[in-house]
Amino acid sequence: MRCVKKAVLPGSTIGVLGSGQLGRMFAIAARRMGYRVHTLSPDEDTPTGQVADVEINASYEDVDAVRRFASGVDVVTFEFENVPATAAAAAAECAPVRPGGYVLHVTQHRLREKTFLSEAGLPVTPFQRVRSLEELQAATRKLGLPAVLKTAGFGYDGKGQYRMKTAQDLAAAWEAVGEQEAVLEAFIDFQCEISVVAARGEDGSFVHYGAVENRHRNHILDLSIAPARVRLEIAREAVELARAVLEKLEVVGVLCVEFFVRKDGSLLINELAPRPHNSGHFSFDANLTSQFEQQLRAVCGLPLGDTRQFGPAAMANLLGDIWDNGEPDWEAAVGVPTVKLHLYGKAEPRPGRKMGHLTAVAPTLEQAVADVERARRLLEK
Ligand SMILES: Nc1ncnc2c1ncn2[C@@H]1O[C@H](COP(=O)(O)OP(=O)(O)O)[C@@H](O)[C@H]1O
Ligand SMILES: [Mg+2]
């Protein structure tokens with residue numbers, strides 16, 4: 001990995017691998033500070049491309065295109081961690097890539113990620129590697145049932161994971177993950193889920209957005225509440241665990257750690273995302289420096305910004321399902337004065353597809369949650 005000695009200053013060009021909503025919000029933050037943004041992905045008219053200066057349409061496997069792309073920018077980052085290692089390596093031949101290839105390598109594969117965490121002495125959901133139906137049977141004897149079988153690579157929003165309740169479910173689950181390398185996890189009967197979004201600078205500086213409470217629906221994030229309604233010690237421990245992860249991985253950039261809070265208050269790390277995260281979207285409206293500006297600052301080698309939060313906040317995702325009864329009632333939703341609307345510019349509102357989100361910042365957490373939920377209901381007419 002090359003090291004940028006000098007900061008990448010405003011006026012420079014940032015390359016973003018991936019072109020979804022995370023890149024879009026990154027590009028908005030970057031352009032606000034006078035940077036230019038180029039994005040590369042296999043898609044056209046993308047959420048990031050609509051905001052970027054240049055949108056390049058190429059496969060991540062096309063290493064020549066990735067090299068040309070990286071040659072035209074001052075630093076490369078990514079908003080999609082499943083870019084192949086070969087693409088990250090090709091980019092690194094022509095420009096610094098942040099976070100580095102090692103962070104991608106570890107976090108894009110559940111087995112490597114969990115092995116890294118447990119070898120680092122960090123608390124992780126009990127897991128077993130599974131490469132055959134026989135190994136799956138042996139692994140469930142060790143971990144017990146219910147359990148969750150997850151593909152080792154390329155999972156997001158609950159895709160590629162199967163919950164098994166009885167021994168009869170094993171064969172179907174093995175078939176469902178495509179009979180390929182997978183991870184078996186004990187099913188955790190948690191009190192709640194929380195996450196910590198944090199950033200680490202080139203100089204080792206560390207900032208975070210505190211513990212955020214996350215509610216999922218159909219394995220997809222539905223609602224985030226900041227700060228999380230957990231005991232102070234739990235929130236503090238989560239932040240310290242996140243700090244340890246960023247330090248051990250030597251992250252330069254933003255990383256999110258997702259946790260299960262068990263009934264006894266202990267924490268288990270569920271997974272890592274080496275980029276801004278859906279559970280940190282509230283920071284765009286509620287914090288002095290958003291997670292996207294923080295990523296920009298970190299990858300450019302600038303000092304990290306103050307993360308202070310203006311007030312209790314809640315974020316509700318808008319999935320394609322909201323379009324079921326036609327165009328949502330935007331006017332009604334933005335009529336809730338504490339609420340901010342974010343739409344990602346995606347043309348096709350498919351069920352389960354993340355199309356946008358709402359954030360509320362209010363004098364109390366209860367009001368922030370109530371306002372954001374009310375605004376979302378108003379959208380649905
Ligand atoms: N071992 C588990 N025990 C209980 N719930 C789980 C477990 N694994 C996943 N889940 C539920 O599914 C959600 C999505 O799983 P996750 O591993 O975070 O995958 P993704 O990459 O799709 O976000 C989690 O946030 C949690 O609600
Ligand atoms: Mg997750």
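# Exercises on a predicted model

S279 sits in the loop that runs between β13 and α9 (283-286); helices (H or I, at least four residues) and strands (E, at least two) are DSSP runs, numbered from the N terminus. The model is predicted: local features need pLDDT of at least 70, side-chain atom pairs count only at pLDDT 80 or more, and totals for chains, interfaces and linings use all residues. Residues are numbered from 1 along each chain as its sequence is written, chains are lettered from A and ligands numbered from 1 in the order in which they are written, and side-chain values use heavy atoms, with hydrogens and water left out.

**Exercise 1.** Decide whether S279 is buried or exposed, then find a polar contact of its side chain.

Solution. Step one: buried means under 20% relative accessible area, exposed over 50%, and partly exposed in between (1.4 Å probe, protein chains only). S279 has 1% relative accessibility, so S279 counts as buried. Step two: a polar contact is a pair of N or O atoms within 3.5 Å; within protein, one must be able to donate a hydrogen and the other to accept it, and residues adjacent in sequence count only if both atoms are side-chain atoms. The S279 side chain makes such a contact with the side chain of S195 at 2.8 Å. Another, of 2.7 Å, joins the side chains of S279 and H277.

**Exercise 2.** State which residues coordinate the magnesium ion (ligand 2) and where they lie.

Solution. Step one: donors are N, O and S atoms within 2.8 Å of the metal (3.2 Å for Na, K and Ca); water is not among the atoms, so sites may look incomplete. Coordination comes from E258 (OE), E258 (OE) and E271 (OE), at 2.0 to 2.7 Å. Step two: E258 is in strand β12 (residues 253-262) and E271 in strand β13 (residues 267-273), 13 residues apart. Step three: E258 counts as buried because its relative accessibility is 12%, whereas E271, at 23%, counts as partly exposed.

**Exercise 3.** Describe the surroundings of ligand 1.

Solution. Step one: a residue is near a molecule or strand if one of its heavy atoms lies within 4 Å of it. Ligand 1 is surrounded by 20 residues, and the closest are K150, G158, E193, N270 and E271. Step two: β6 (147-151), β8 (182-186), β9 (190-200), β12 and β13 each supply at least two residues of this shell. Step three: an oxygen atom of ligand 1 lies 2.6 Å from a polar side-chain atom of K150. For R110, an N or O atom of the side chain is 3.1 Å from an oxygen atom of ligand 1. For E185, the side-chain N or O atom is 2.9 Å from a nitrogen atom of ligand 1. Step four: ligand 1 taken alone exposes 540 Å², and the protein buries 93% of that; the areas come from the Shrake-Rupley method with a 1.4 Å probe, and for residues only the protein chains shown count as cover.

**Exercise 4.** Work out how helix α10 (residues 291-300) is covered and what follows the helix.

Solution. Step one: 10 of the 10 residues of α10 are buried, so described as mostly covered by the cut-off above. Among them are F292, L296 and C300. Step two: G301, just after α10, takes a positive phi of about 75°.

**Exercise 5.** Place T359 in the structure.

Solution. Step one: T359 belongs to strand β16 (residues 354-361). Step two: with 0% relative accessibility, T359 counts as buried. Step three: T359 and S283 are 76 residues apart in sequence and 9.0 Å apart in space, C-alpha to C-alpha.
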